[in-house]
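Please find below a short note on the structure, set out as numbered points for a colleague's reading.

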Amino acid sequence: MEELQVQDLVNEHLVEYYDDPDELALYQEYQEMEKYGRFFYLFKSCVGPTTFQTVELVGPLIAMCVILRIVSLLKLPRLIVHFVSFVCGIAALFLFVKKNALYPLTLCCLSYPVLFLRNGKRGLVMACTSVAFLITCELFIVTAENWHQVRGSQMVLVMKLISLAFDVDKGVITQPNILEYFGYTLSVSSVVFGPFMTYTDYCQILVGRPLSFSWLVGVIRSCVISYCCLIISACISPWIFEEDAFKWFVAYQSAMSFRFSHYFVSFLSECTSLLSGIGTEVNQEGKQLTIWRSDVARPQHIELPRSLVEVVVHWNIPMHVFLKNYVFKKAQPLGRFTAVFLTFALSSLLHGINFQLAAVLISIGTYAYIEHVFRLMVGKIFSACILARKCRPECGHVYKEGNFWVTVANLGFSFLSMFHLAYLGIMFGGDTEVQEKGYGMKHTLSKWSHLDFASHWVALATFLFTTII
């Protein structure tokens with residue numbers, strides 16, 4: 001009898017019964033979930049608001065990319081196109097990062113005089129200037145929350161500055177004037193949600209290629225895939241398993257949500273590039289053609305990876321190209337170890353100075369190297385195509401990709417890579433406010449401790465086995 005009376009009170013006088021607004025909201029959420037079912041409640045409570053907020057946020061950026069595309073089609077003087085690119089880029093910066101736009105602008109102004117150096121020192125001096133600026137800002141000037149907002153823009157900007165300086169040193173491009181410089185470095189197509197692009201890539205905008213059906217299909221494709229990845233990350237991934245499910249299922253779920261949020265940004269980056277008029281140049285039968293597709297990430301190689309080496313390559317393709325061409329190859333005369341170290345060091349600095357990111361980057365880099373060496377050794381012993389990267393058809397192995405046991409072995413390594421990704425990816429789940437500041441050592445180690453440091457133990461065992469053999 002008492003339970004019935006309490007229930008009546010709950011239904012008729014919810015506000016009076018629940019003193020705490022959070023308890024009332026939680027009760028109403030459970031009521032809605034019971035009414036619509038768990039899956040349909042997901043769409044009702046998440047998909048709609050997420051879609052509306054994303055359109056509201058990204059819409060102006062898309063519009064500015066379209067403006068730049070239209071201006072380039074009018075065949076106006078190049079300087080006008082550079083000016084529009086610069087103005088739209090500044091507007092996008094202030095729209096997304098507000099007062100923090102001051103930091104990318106300051107770096108651009110400080111870096112321009114470096115291009116007037118002689119004797120092939122521009123690239124090295126530009127790299128030192130950019131790194132010194134990043135370290136000074138992050139450690140001594142900017143708060144963690146503000147730096148988190150502008151870190152992505154700073155990352156792309158530094159890559160563009162370094163590549164520009166090295167290309168001018170090599171004579172690949174002529175030294176740009178000040179308007180060309182700011183038009184490129186602050187281009188709307190890459191200043192906020194955009195990939196790294198060289199000055200040569202940027203010059204595709206100036207060509208003003210006519211609008212075409214294939215261009216429209218490319219834009220729609222990247223936009224739709226980006227939206228699907230957003231919904232999977234924000235609405236579907238968190239609902240796959242219950243909170244009290246097996247800890248490794250929860251870890252995989254958390255890592256999956258983070259990965260799809262990265263795919264969302266990657267395909268949105270591709271969309272802004274295509275909208276601005278940047279495609280992929282290919283040579284077919286002696287003719288130069290533009291393919292309206294510019295991959296930033298390839299989810300199929302990450303969600304079902306052959307190896308962690310492939311994950312590293314396909315996670316951020318433009319950044320991988322930058323690190324390979326403008327860091328690793330430039331540092332190779334100093335020795336392979338030094339080149340690898342400098343590549344890793346710059347990659348870490350670009351991502352930010354905090355223990356969480358450094359621990360993940362060090363771990364995945366170490367894992368990938370151990371896996372590469374182990375699979376190379378096993379592949380040589382059994383003469384089988386089980387290397388970290390897919391063999392070429394003319395390789396000398398006896399047992400090729402189609403062999404049953406080779407397929408089984410490669411699938412086993414794929415599942416091992418997924419295991420490592422779940423372990424490393426759990427680091428990026430949790431409180432958004434804390435994420436913006438960056439997790440410290442204690443929190444990072446506690447996350448991995450919850451999973452018994454299993455991934456690190458497996459990597460260590462693999463390394464020891466490789467050493468012994």
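The points below concern the cysteines and two surface patches of this predicted model.

1. The disulfide. A search of the whole structure returns one disulfide. The bond is between C46 and C235, with an S to S distance of 2.0 Å. The two cysteines belong to distant parts of the chain, 189 residues apart: C46 lies in helix 4, and C235 lies in helix 11 (residues 213-236). About the S-S bond the angle is -80 degrees, which makes the link of C46 and C235 left-handed.

2. Burial of the bonded cysteines. C46 is buried, its relative accessible area being 13%. C235 is likewise buried, with a value of 0%. Both are placed in that class because buried means under 20% relative accessible area.

3. Cysteine C65. Why does C65 form no bond with C271? The closest cysteine sulfur to that of C65 is in C271, at 7.7 Å, which is too far for a bond; a disulfide requires the two sulfur atoms to be within 2.5 Å. C65 itself is buried, at 0% relative accessibility.

4. Cysteine C109. For C109, the closest cysteine sulfur is in C108, and the separation of 6.7 Å is too far for a bond. C109 has a relative accessible area of 48% and is therefore partly exposed, whereas C65 is buried.

5. The positive patch. Which residues gather in a patch of positive charge on the surface? They are K170, K324, K329, K330 and R389. Helix 15 (residues 317-331) supplies the largest share of this patch, namely three residues. K329 is located in helix 15, and its relative accessible area of 44% makes K329 partly exposed. Patch residues must have over 30% relative accessible area and no salt bridge, so the 44% of K329 meets the accessibility condition.

6. The nonpolar patch. V66, I70, L74, L76 and I80 make a nonpolar patch of about 390 Å² on the surface. Within this group, L76 is situated in the loop between helix 4 (38-73) and helix 5 (78-97). L76 counts as partly exposed, with 36% relative accessibility. The accessibility condition of over 30% is therefore also met by L76.

7. Points to inspect together. Helix 4 carries C46 of the disulfide, and helix 4 also borders the loop that holds L76. In that part of the model, C46 is buried, while L76 is partly exposed.

Terms used:
Residues numbered from 1 in each chain as written. Predicted model: local features only at pLDDT ≥ 70, side-chain atom pairs only at ≥ 80, totals over all residues. Heavy atoms only, no water. Patch = residues over 30% accessible without salt bridge, like charges linked within 9 Å, V, L, I, M, F, W, Y side chains within 5 Å. Areas by Shrake-Rupley, 256 points an atom, 1.4 Å probe, with all protein chains shown as cover. Salt bridge = Lys/Arg side-chain N within 4 Å of Asp/Glu carboxyl O. Lys, Arg positive; Asp, Glu negative; His and termini not counted. Charge placed at Lys NZ, Arg CZ, Asp CG, Glu CD. Helix = DSSP H or I, 4+ residues; strand = E, 2+ residues; numbered from the N terminus. Buried < 20%, exposed > 50% of the residue type's maximum accessible area, 1.4 Å probe, protein only.
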